[in-house]
Each structure stands twice: as structure tokens, then as C-alpha cells.
Amino acid sequence: MTPDLKDSVRSIFSPSGTLARREGFELRPQQGKMASAVASALTERRHLIVEAPTGVGKTLGYLVPAVLYAVRAGQKAVISTHTKNLQEQLLQKDFPIARSVTGTEGAVAILKGRRNYLCTTRMEHTIGVAPSLFDEEGLEQLMRIREWSLHTRDGDAEGLDFTPRPDVWDAVCSEQGVCSSGICGSHCFFQRAKQRAREAPVVILNHALFFSLMGIGGGEEYYLFPDDFVIFDEAHTLEGVAGAGMGLKISHRQAILALHKFYHPGTKKGLLSRRKKRNASLCTRAETAADEFFALVGRTARALATESGREGGFRHDVRIRNPHLVADALGDHLAALEGAVRAEEEDADDMFRKQELGAARGAVQSVRTGVATFLEQLDRELTYWVELPPGGTKNVTLCAAPSDIGQVLGPRLFREGSSVIMTSATLSVNGSLEYFKNRVGAGDTEGLILDSPFDHARQMTLSIAADIAEPETDGYITELPGWIMRSIERTHGKALVLFTSTATMRSTASALADEISKRGLTLMVQGIDGQRHQLLEEFKRDIHSVLFGLDSFWMGVDVPGEALEHVIITRLPFAFPNHPLIEARLEGIAARGGNAFMEYTLPEAILKFKQGAGRLIRTREDKGIVTILDARIVRKSYGRAFISSLPRCPVEIMTSEGDVEYMEPFER
């Protein structure tokens, strides 16, 4: 008789279980509690939301019961993450452990968006007509891809040792309508990846792909695969990713790339380059129309921003509240081109050419219908805005997304008779998961908030600047560098300094560069000294360094050990209410008589604050300081909510004179 899933999980996570017998394993009661809750939810086909702080070991906490249930029940576990790092960790580290301690067989498959994969069928056909499509550089890149195809294991573009031009990769990657099981054989890398995903009991993908696939397929009885269940790790990012996936994004660059598939005026190459001059003329006129249309949209959006008086008459995201922002002077040109291409398809006696023309026509059609959808604004559940490019670039983008993702997402995810598990280190606000549940439409889904396994009372100190000028005052920018310098000196660097404003970060870096250098420390500034990954690797290597970071450094940063002993939060991370989606959400709350600050602004800031502070303690050996350089945390009534969101630890209240009032332990 097969043992009950819950009994099996309890046994594996017990002090004498197979997991405990692994070298280096630490018994963590929170991990066993999570695993049992996940096992119960899967067995009873219920949904579950789990906040599992850093150190709990949440990955094995959900993966062990998921693997057991998938194998025993014959259902497929779909594991969705936000970051590639976690996908690789699951594949290389956690899944082998889960399979070992459960004694189960079966493979795991990673699935990425189809355009990540080389389609060898397309590649060979493209090589045959390459001189009509590419210039000399493009031809050289195509041959390099062909050579790589002979040695790559998975055909994933990430494995290329160079970055091909978009038009070259577009011609050889998997694309719907040109790459399918009926067209391609088993030699196609995407078809192989799909087959592995169909056969494996566990499939790993990212949130963006999940919502894309759920929109394309997925039935009433399943999400992506028949008899599947879903576990979302890094679930705190779901709302934003799902909103983007269910929304609209049409850019000037996207339109031009779609047109250049047919004819590139610079190289005189493309799918229509060998055909009638009339077709090339249609492409050229459509490209001119696209240039003029997106330029007009940009000018009109900037004028609206100026009228609203926002940020000196310009901001990068401009809300469009009314339909027909400008006349659709692009649609007719695209439709005319589509008609000509359709005629070419009908005349084509080469099946490959027919398919390529059809796929390229589909890309132009997507631009045409997207532009019309944006201008007409028929769906009033969406928020519409124009994304203006920085500097003098031309890539204006039309955007739309659901104002309230929960209403759209909830009914599709949290269905009866299925299981969705969501987990992250930061989901609760004031000890409750209700805010997160409301944002993702989870209704009365069961929630579990686990304690941290770390001894924060011993490992962490919270230090608060009591008399620094408040952020909205002139004195704040003047005083901030001095406070940061004093904080950095306490740990001789080893500090991650988190900002909410690029301008503030750069001005502070400029003010402190010499002082930091004089103390033998290395200063690294996001966007100036390298990309995020490069900066993190250097920060880990150089233990006498200081890293200034923006939004992307508030989460997903894992620097255990002495390289990071100080997290400095320069400002409570309230979102600026000038992004169109935030505006729309605040307006929606106000329209029904709610308190927008308490219901949205404050909870969002607390969650991000928890994420930022959570960068400090990553292991049981870590020790350090979280410094808050925003006096509102002690001056405003809502400040206690921020402090209460952190684990219980000693608190210092500092003054600019150097006086310190200790509160240990801090009573929340």
C-alpha cells in the first residue's frame, strides 16, 4: 500500500528522515511545517499561500511534496519562478536533492519562450535564401549560428558566444506558424524542449511565459498541461508580471522590425526584396507612416504631460485617459502591405516561403491591431499610457494593462478542484496576507506565515536616524551624504545602500566618491560602474566596498558572509504616484470610498521595505546593521508599521550629534 503523501512528507522532514541524513543538512521546523501544508493542499486540491522567510528552505519545502505528488498521482508539477537564477538552482541543486530524498524517478524540464530556441528547420531554409535576406555581416552571423548548432545541447540562444542581430535571430528562432511538430522533426531544438516538457513530471518556467501560455492555451480543467498543478515561487512579483502579460505593448521599434522582415531600405534585403518594386514601395511608405505616427504620439503625449504640470512638463510614462489620442494614420498602410503579402503567399510555390511570409504578416497585423486597440480604448478595465523614451531616442511605446489584476487573474488561477501554491519571503503586511490576496484575487485562500529560522535579536541591529531632514525638504539632499558616510564607517564598507531615486543616488555618489576612496573603500554605483550582475559579483569579491543601488537591488540580492554587513535604506520606499497604473489603482480605491494610502500606498511600501532589509541576514552566521535614513519612521504614525514588519531585534535611535538611545528588545 502506497503511504499517504502527508505521512511521507512528515517522515522525510523528520529528525531521522532521509533529508536529515544528508551531509550538511540543518533541521528547520519551519521547512517541515511548510512541506506538510503543501502536501495537504495538493492532496485535498486546495490553494495555499505561504510566506517563508529567508533561511526556511522554501524551495525544498514545496519541491519535495510536489515531486512526490506528481509521480504518485500522475499529475504534472509546473514550477514558475521570476528569476533565471532560481530556475538554475532548481534544476542543478534542489531537484536532484528532492528526487534523492523521495526515491522517485523522472526528469525535470526547463521550458523557455519559444523565441529563445533555435529552429533548425528554419535555419536551413533561411541559409538557402540568405543572400536575399542579409548583408555581409548578417550572412557571417548566420554561419556562426549554424556552426554553434552542431555543438549546442539545447539550442538556447543564451549559449551563444555572441549576440546576433535581431533580424538574424528572428529568421532562425522558433516562431509560431513556421515551427511546429508538423513542420519540424525531432532535430528542432524547440520541439525537443516541448517534448521534454510534455513527458517530465516537473516543468520549470518563468512567470512571464506561464501567463503567456495560459493566455494561448489552457482549458477549464488545466493551466498549461492536462492534470497539472502550479507552484509560484517569488510570488511577490506576480501582479506586475501578470499585468504585463495580459496587457498591450506596441513600440516604434517593434513596428520597424516587423516591416524590415519584408524590406530593409538600408540593405535592400528582405522577404520581398526579390519581388515587385511595388511591394518594396509599400514597405517604405509603411515605414515612413510608422515613423510619423509614433513621433506624433510622442509629441502629443509630451504636450499632455506639459498641460498636467507633471515634472516640469515631461515624464516618461504619460497616462492617456481618452480614446483617439491621434488619428490612426498607420493602419491603412499596414493593411495595404498585409494585402500584398497575402497575395504573395497565395502565389508562392515554396512552402517555406509561404510560411515565412505568413508569420511576418502576422507580426505586422499584431502592430496594426495593437495600435487600433490602444487608440480606441474599448476595454475600460485597462489603464492606457504612452511610454516616452529617454534622451532623443524614438522608441515611443503604447502600453495598456489591467487596472486591477486581481479581478482578471483570480478567477483563472484559483479554481475549484485544482491547486495553486504561492510562496515568497515577503508577502505579509502587519502579520496578514490579506493585502497580497486582494492584489492577486486569491479570495479566502488559506495562508501560512512562517517564522524566520534566524536569531535576529542576536544577528541584526536596526539603526534609525531620528533627526535627519525629511525627504521632501531641501535639507534632506544636503544632509544625506553625511549620514551615509557615518553609517559606512561603522562597518568599514561592506554596505549596500538602497535608493529610490536615480538623481539622488548619483548626486550622493558624486558628493562621497573622494571620501569613500580616502578610506580605502571601493564605491560601485548602479548604471555607472556596470550592470547589476557585474556589480554584485565584484561586491562579493571586494569585502571593503560600498554598492549604491536602485529598485532592482531591493530584492533578489543574496550576499551571505562578511561582504555584506550593512544595509542602508535612504528613504522609505513609497512609490511615486505618477505611474499610470498606480494612479489608476489609487483612483479606483478612492472611487469606492476607500483610503488609498492605507489600502495601497502603505502596504506596497512596507513589502518593498521588508525586501530591502531582508538583503542583510542570509545565513545563521551573518551579522549586521540595517540603517534607516528616513526620520518619518519615528515621526509619523505609520512608521511603526514599517518597524513591526521586520523581525524582532535591537533598535538604536541615533541623532546627528552622535547620541544613541537603545531600545532592546524592541516591543512591536
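# Questions on a predicted model

Me: The place of Cys173 is in the loop between α8 (166-170) and α9 (189-199); in this predicted model, is Cys173 buried or exposed?
Reply: Although Cys173 lies in a loop between two helices, other parts of the chain touch this residue, including Arg115, Tyr117 and Leu118. Buried means under 20% relative accessible area, and Cys173 has a relative accessibility of 0%, so Cys173 counts as buried.

Me: How far apart in space are Cys173 and Asp156, C-alpha to C-alpha?
Reply: Along the sequence, Cys173 and Asp156 are 17 residues apart. In space, going from C-alpha to C-alpha, the separation of Cys173 and Asp156 is 9.5 Å.

Me: How many helices and strands does the secondary structure of the protein come to, and what is its radius of gyration?
Reply: The secondary structure comes to 25 helices and 19 strands. For 668 residues the globule rule gives 26 Å, and the value for this protein is close to that, so the protein is as compact as a globular protein of that length; its radius of gyration is 27 Å.

Me: What share of contacts in the protein between residues at least 6 apart in sequence join residues at least 24 apart?
Reply: Cys173 gives an example of contacts beyond its sequence neighbours, since it touches Arg115 and Arg122, among others. Taking the protein as a whole, and counting contacts between residues at least 6 apart in sequence, the share that joins residues at least 24 apart is 75%.

Me: Which helix gives the most to the largest nonpolar core?
Reply: In soluble globular proteins, nonpolar side chains tend to be buried together. Here the largest nonpolar core has 61 residues, and those with the most contacts inside it are Ile145, Phe262, Phe293, Phe374 and Val386. Eleven residues of this core come from the helix that gives the most, and that helix, spanning residues 277-308, is α13.

Me: How many residues are in the second, separate core?
Reply: The members of this second core include Ile464, Phe574, Leu607 and Phe642. This core is separate from the one already described, and its number of residues is 48.

Me: Why is strand β10 (residues 420-424) described as largely enclosed by the rest of the structure?
Reply: From β10, Val420, Met422 and Ser424 point one way, while Ile421 and Thr423 point the other way, and all are buried. Strand β10 is therefore largely enclosed by the rest of the structure, because the number of its residues that are buried is five of the five.

Me: In which sense do strand β1 (residues 48-51) and β10 pair, and which residue stands opposite Met422 in β10?
Reply: Strand β1 and β10 pair over four bridges, and the sense of this pairing is parallel. Strand β5 (residues 228-232) also runs parallel to β10, to which it is joined by three bridges. The residue that stands opposite Met422 in β10 is Phe232.

Me: Which residue's backbone oxygen does the side chain of Thr423 reach, and at what distance?
Reply: Thr423 is found in strand β10, and with 0% relative accessibility this residue counts as buried. Leaving out residues up to four places away in sequence, Thr423 touches nine residues' worth of surroundings that include Met34, Lys58, Tyr62 and Asp233. The residue opposite Thr423 is Val50, and the backbone oxygen that the side chain of Thr423 reaches belongs to Val50, at 3.0 Å.

Definitions and conventions. Residues numbered from 1 in each chain as written. Predicted model: local features only at pLDDT ≥ 70, side-chain atom pairs only at ≥ 80, totals over all residues. Heavy atoms only, no water. Core = buried A, V, L, I, M, F, W, Y, C linked by side-chain atoms within 4.5 Å. Buried < 20%, exposed > 50% of the residue type's maximum accessible area, 1.4 Å probe, protein only. Pairing = 2+ DSSP bridges. Rg over C-alpha atoms; globule rule 2.2 N^0.38 Å. Contact = heavy atoms within 4.5 Å. Polar contact = N/O pair within 3.5 Å; in protein donor to acceptor, adjacent residues only side chain to side chain.
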